[in-house]
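These are my notebook entries on a structure I went through element by element, beginning with strand pairing and ending with the contact between chains.

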Amino acid sequence: MKLKKVLGIALATTVLLGVTACSSSEPAKTGNSDAAGGDVNGDGEIIIGYIAKNTTDPQPSTINSSASEQLDKLKADGVIDDWTGIMDGLSDANKQVDLAQDCIAQGCDYVIITPAEAVASDPAITNLVDAGVKVVVVNAKTDSTDDVAMTFCGSDDVYAGELMAEYLNEKLPDGGKYLHCQGVIGNSAQIQRAEGITNKLNDNFECIAEVPCEWSGEKAVNATHDALAQYGKDLTAVICDNDDMSAAAQLTCNESGREDIICIGVDGNAGAMGMIQEGTLDATVLQDSIGQITAAIDAIVADINGETVEKEYLVPFVIVTAENVDEYATE
Amino acid sequence: MASNEKKILGVKEDTFRMMMGKYGIGIILIGMVIVISIIKPRFIQPSNLLNILTQISINGLIAYGMCLAITTGGIDLTVGAQLALVSCILGQLVGEMGMNIGLACLIGLLATTAFGLLNGILIAKFNMFPFVVTLSTQLIVRGIAQVISDGQAVSLANANFKAIYSDRFAGIPLPIIYLAVVVIIMYILMHWTKFGRYVYAVGGNVNAAIASGVNVVKTKTLCYTIVGLLSGMAGIIFTSKTGAAQSNIGVGYETDAIAACVLGGTSFAGGISTASGVLLGSIIIGCIYNGMNFLGIDSYYQSMAKGIIIICAVLLDMVMNRKNR
């Protein structure tokens, strides 16, 4: 291991010297130079920073643990010299901006970030890019992601909304009244999933209420109770912006003897997948979190190897039902 | 009182205890810095030290306000919501209406100061529990922020506005300068003025303070008003830093501020605190965040470590100061 590290450093140094020699007209500038070999800042080491959205919610946690595994492996294989460990953004843009500075101070060449906010987390990314760090944005875009980030690895949330709508169109051809449990208002996933739903849902569906449930299952339960009390058997579906809410809504319906109501959400969390396996939930739209982070890390490895990297890698959503759940469920 | 008692590290025990009581927290800080620097030498480079000081500016400002509230025997839980309020006001005035930045900041500060004043009046004049008052006004303030912003984030990409945070003066990032100015003013206010002595008197023994003719209502009200003003300033820096105005910011920010105060030797019983201690406390919190990232410590352990360090620091403080009091 130690030998590999030494070899890695030696290799990186050689590459660095080579690059410096080649561009002798320009002094060896840190940052900006598109040095091959991945040592972007030219300090002789390849270090990857990892700024998480948070370490508590199910979906970010899935991304974090997969990242942790893959980056440890890259380090063990000697592709990179080190990585920073999971830096917790605590769902706070201010914290993420601080962490970006920490990454710069630690001499990171690449930083992977899952933004907490579309607007407020943006300075984290622009500061990193200004300091010459290559940034890979995962899961959700910030305002200037398209302009400054090396690449974006995520999924098209509009498509997730469309998948939910199409599933309902197929299962409930007669339409009916539905409740919409929303995520945190203003979040890009919330906006885009809603757009997808309106794009594809048949006209015979009628929205009785759009309730801001802030991704919380507990709030979705309250909203579902209210809707059941008010509309009774007219309620045919509950569309939720995520799985925590759809699973909770479905449990509420089932407890009230309304297994016929179709609750659907996005993510493919372990909880929702388990319910599909036992037949208590009909379907979910799986967000391939592991696919997103894998694409991000693959992009960095490609860049280290001097291969071209696309500006965007879209990882598709998949609709998961009882038929294909075993294929996607993980222990 | 034996005359030739034990010696610790070649210093008389009493002197040692006194020094530890006063400077123990500084020693902890130096110890932390040395340990982290040995493991990760990059930690000690000047750019990272500036980075830490810049990062603590927001928490530092809030902590100084919090310190005043705690010294009077109270607490202020509205600080996080005040950040959101000033942020949303700036979002509407600068982002949407294009108002002059200085004027907009002034209006924002006036709003948070007014809520600080309201807290002060409710607590001092009506003798309500600070915890209950600020727990409630916090909800009101955040509610107002949500109404102002309509729950939406407003982008404040205006270069002049972002300069409030990102510009440098003589190579030093502006947030450090704001913090330095506040530290100096607070030091003078707490330790050199009549108002400062009144604050300690009110917190130490309210009956004695009344008996000596201290205007308790005025002193407490002024303290909470200053908390409002300082949180407003922190909110401006926060908003400039993230370039976005939104109502969901600052949740839980009172925790780090209280932690900084406690680390700095501020007593929850009231009447005991130092301006320099609060600064050291804030720097320690900053070093914990930054240093643990440097050491690559898993974030789960980071919050545990933070809790343990705070408890140890307070314990040390109590053990050291038992004999001095």
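I began with a single bridge and found that A:I264 has A:A283 in β10(A) as its bridge partner. This pair belongs to the parallel pairing of β9 (residues 262-267) with β10 (residues 283-286) of chain A, which is made by four bridges. I note here that the model is a predicted one, and I read every entry below with that in mind.

Next I looked up the sheet that holds these strands. I recorded an open sheet of six strands in chain A, in the order β7-β6-β8-β9-β10-β12 and with mixed pairing. Which strands stand at the edges? They are β7 (205-212) and β12 (318-321) of chain A, and each has a single partner strand, so one side of each is left without a neighbour in the sheet. For the turn of neighbouring strands against each other in this sheet, I noted an average of 20°, direction ignored.

I then followed β8(A) through its pairings. On one side, β6 (residues 176-182) of chain A runs parallel to β8(A) and is joined to it by five bridges, with A:L179 standing opposite A:V238. β8(A) also pairs with β9(A) in the parallel sense, over three bridges, and here A:V238 stands opposite A:C263. Between β8(A) and β9(A) I placed helix α9 (residues 243-255) of chain A, and the three make a right-handed β-α-β unit.

Is β8(A) buried or exposed? I found six of its six residues buried, so β8(A) is largely enclosed by the rest of the structure. I also checked helix α6 (residues 157-171) of chain A, which lies across β8 (235-240), β9, β10 and β12 of chain A and runs at about 160° to β9(A).

For chain A as a whole, I wrote down 12 helices and 12 strands. Of its 331 residues, 53% count as buried. Among contacts in chain A between residues at least 6 apart in sequence, those joining residues at least 24 apart make up 73%.

I turned to helix α4 (residues 122-130) of chain A, where seven of the nine residues are buried, so the helix is largely enclosed by the rest of the structure. The buried residues of α4(A) include A:D122 and A:T126, along with A:I125, A:L128 and A:V129. What do the buried residues of α4(A) pack against? I listed β1 (47-52), α3 (93-105), β3 (110-113), β4 (134-139) and α5 (145-148) of chain A, together with α10 of chain B. Just after α4(A), I noted that A:G132 takes a positive phi of about 85°.

The packing against α10 of chain B led me to the contact between the chains, in which 25 residues of chain B meet 24 residues of chain A. The elements of chain B that give two or more residues to this side are α2 (46-71), α10 (216-242), α12 (275-295) and α13 (299-322), and α2(B) gives the most, with four residues. By class, I noted seven nonpolar, 15 polar and three charged residues on the side of chain B that touches chain A.

Last, I consulted the unreviewed UniProt entry, which lists "transmembrane region" for residues 21-40, 52-70, 101-122, 169-190 and 277-297 of chain B. I compared two of these spans with the model: residues 52-70 are 100% helix, with end C-alpha atoms 25 Å apart, while residues 277-297 are 90% helix, with end C-alpha atoms 27 Å apart.

Notes. Residues are numbered from 1 along each chain as its sequence is written. Chains are lettered from A and ligands numbered from 1 in the order in which they are written. This is a predicted model: local features need pLDDT of at least 70, side-chain atom pairs count only at pLDDT 80 or more; totals for chains, interfaces and linings use all residues. UniProt positions are given in the numbering used here, feature names are shortened, and annotations may be inferred rather than shown by experiment. Two residues are in contact if their C-beta atoms, placed from the backbone, lie within 7 Å. Ala, Val, Leu, Ile, Met, Phe, Trp, Tyr, Cys and Pro count as nonpolar, Asp, Glu, Lys and Arg as charged, and the others, Gly among them, as polar. Two strands pair if DSSP finds at least two bridges between them. Axes are lines fitted to C-alpha atoms, for helices over the stretch in contact, and angles run from 0 to 180 degrees between N-to-C directions. A residue is buried if 20 or more other C-beta atoms lie within 10 Å of its own, exposed if 12 or fewer, and partly exposed in between; C-beta atoms are placed from the backbone. A crossover is right-handed if, with the strands pointing away from the viewer, the path from the first strand over the helix to the second runs clockwise.
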